[in-house]
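Me: I am new to reading protein structures and would like to practise with some questions. Could you walk me through this one step by step?

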Amino acid sequence: MTVRVGSVELGTGRPKVCVPLTSASLRELQAEAAAVTPAAADLVELRIDRLDGATDQRAVREAIDLVGVALDPSLPVLLTFRTAAEGGGAAIPAEAYRDLLIRSSASDVVDAVDVEAALPREVVDAIMEGVHAEGKPVVLSFHDLQGTPSRQEIVGRLVGQQALGADVVKLACTPQTPEDVLTLLAATADYTARPDARPAITMAMGGLGVVSRLAGETFGSCVTFGTVGAASAPGQVDALRLRDALDLLHTAVRAS
Ligand SMILES: O=C1C[C@@](O)(C(=O)O)C[C@@H](O)[C@@H]1O
């Protein structure tokens with residue numbers, strides 16, 4: 001199964017490179033967005049939680065409009081408010097998060113929206129309904145900032161996100177040992193082997209997990225986050241070099 005985000009199809013071919021935009025000010029954001037080229041990125045993630053005025057509807061709208069002007073028009077935009085509870089830059093009441101994401105999804109600049117699956121069920125449902133009404137896909141996400149759930153629990157969380165109606169499922173963990181990275185990769189392969197699986201995005205964060213950001217084609221993660229400038233999470237590598245590595249693996253996988 002594949003999912004279209006703007007002009008990009010997730011779930012087929014080599015994993016797609018997503019470059020996070022993490023600036024706080026509009027001036028920095030403009031320069032950051034203009035610096036991302038289609039040679040490095042397949043799509044970008046606008047991390048609105050990192051903005052000055054992250055919880056203010058008007059400030060967010062201004063930032064989205066600015067990205068629409070500064071960014072190469074071929075690059076789709078994933079909109080994300082990563083809450084402080086999951087490692088993001090700002091805290092926000094659940095209802096404000098709901099309203100901000102639903103309103104922001106109406107912008108032509110926004111092609112998909114990340115929603116944290118751990119929020120109250122009615123909030124998740126309302127956002128999914130609102131974003132789907134705009135004809136755009138939802139990425140349901142979960143971040144373990146302390147450790148790595150068991151293989152079974154990771155699969156269970158991804159299946160749970162799918163059951164909630166996610167178009168794309170996502171999980172990030174924090175490995176403490178090399179075995180934790182293997183657990184994340186094995187669980188990703190387990191989930192994506194299911195006949196009804198949605199496209200999945202997984203990563204093990206930090207230095208130990210870097211390998212998981214390269215190995216998506218083998219284990220089933222369809223997007224990997226790489227940098228042009230600042231990272232949005234530990235372990236992200238340069239997007240251009242990441243793309244080269246993914247192309248190398250993709251060519252070798254297909255040749256054999
Ligand atoms: O969920 C994710 C994944 C991520 O945390 C990573 O580890 O690459 C980076 C975030 O910007 C994004 O929203």
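Me: In which strand does Lys170 lie?
Reply: Happy to help, and please keep in mind that this is a predicted model. Lys170 is one of the positions that UniProt, in an unreviewed entry, gives the feature "active site". The strand that holds Lys170 is E8.

Me: Is Lys170 buried or exposed?
Reply: Let us count the C-beta atoms around it: 26 others lie within 10 Å of that of Lys170. A residue needs 20 or more to pass the cut-off. Lys170 is therefore buried.

Me: Which residues does Lys170 touch, not counting residues up to four places away in sequence?
Reply: Lys170 sits in strand E8, and with its close sequence neighbours set aside we can look for partners from elsewhere in the chain. Those partners are Val139, Leu140, Ser141 and Ile201.

Me: Which other residue does UniProt place in the feature "active site", along with Lys170?
Reply: The record is an unreviewed entry, and its feature covers Lys170 and one partner. That partner is found in strand E7, which runs over residues 138-143. The residue is His143.

Me: What is the largest C-alpha distance in that "active site" pair?
Reply: His143 and Lys170 are the positions in the UniProt feature. They are spread over 28 residues of sequence, yet they cluster in space. Their largest C-alpha distance is 8.5 Å.

Me: Is His143 buried or exposed, and which residues does it touch beyond four places in sequence?
Reply: Around His143 there are 22 other C-beta atoms within 10 Å, so it counts as buried. Leaving out residues up to four places away in sequence, its contacts are Glu86, Gly87 and Ala172.

Me: How are the strands of the open sheet ordered?
Reply: The sheet is built from 9 strands, and their pairing is parallel. E9 (200-204) and E11 (237-238) stand at the edges, where each has a single partner strand, so one side of each is left without a neighbour in the sheet. Reading from one edge to the other, the order is E9-E8-E7-E6-E5-E4-E3-E10-E11.

Me: Which helix packs on the sheet, touching strands E8 and E9?
Reply: The helix covers residues 178-192, and its direction makes about 170° with that of E9. It touches E8 (168-173) as well as E9. This helix is H6.

Me: Where does Leu46 lie, and which residue stands opposite it in E5?
Reply: Leu46 belongs to strand E4, residues 43-47. E4 and E5 pair in the parallel sense over 4 bridges. Across from Leu46 in E5 stands Leu79.

Me: Which residues of E4 are buried on each side?
Reply: E4 is mostly covered, with 5 of its 5 residues buried. Leu46 is a good example, since 29 other C-beta atoms lie within 10 Å and it is therefore buried. Both faces of the strand are covered: one side has Leu43, Glu45 and Arg47, and the other has Val44 and Leu46.

Me: Which residue stands opposite Glu45 of E4?
Reply: E4 also pairs with strand E3 (residues 16-21), in the parallel sense and over 4 bridges. In that pairing, the residue opposite Glu45 is Pro20.

Me: Which residues does the UniProt annotation "binding site" cover?
Reply: This annotation comes from an unreviewed entry. One of its residues, Arg82, lies in the loop between E5 and helix H3 (94-105). With 23 C-beta neighbours inside 10 Å, Arg82 counts as buried. The full set is Glu45, Leu46, Arg47, Arg82, Arg213, Ser232 and Gln236.

Me: How many residues surround the ligand, and how many of them are nonpolar, polar and charged?
Reply: The shell around the ligand has 15 residues, and the closest are Pro20, Ala172, Phe225, Ser232 and Ala233. The elements that give two or more residues to this shell are E4 and E8. By class, the shell has 6 nonpolar, 4 polar and 5 charged residues.

Me: How far apart in space are Leu10 and Leu182, C-alpha to C-alpha?
Reply: Leu10 is found in strand E2 (residues 8-10). In sequence, Leu10 and Leu182 are 172 residues apart. In space, the C-alpha to C-alpha distance is 23 Å.

Conventions
Residues are numbered from 1 along each chain as its sequence is written. This is a predicted model: local features need pLDDT of at least 70, side-chain atom pairs count only at pLDDT 80 or more; totals for chains, interfaces and linings use all residues. Two strands pair if DSSP finds at least two bridges between them. Two residues are in contact if their C-beta atoms, placed from the backbone, lie within 7 Å. Axes are lines fitted to C-alpha atoms, for helices over the stretch in contact, and angles run from 0 to 180 degrees between N-to-C directions. UniProt positions are given in the numbering used here, feature names are shortened, and annotations may be inferred rather than shown by experiment. A residue is buried if 20 or more other C-beta atoms lie within 10 Å of its own, exposed if 12 or fewer, and partly exposed in between; C-beta atoms are placed from the backbone. A residue is near a molecule or strand if its C-beta atom, placed from the backbone, lies within 6 Å of it. Ala, Val, Leu, Ile, Met, Phe, Trp, Tyr, Cys and Pro count as nonpolar, Asp, Glu, Lys and Arg as charged, and the others, Gly among them, as polar.
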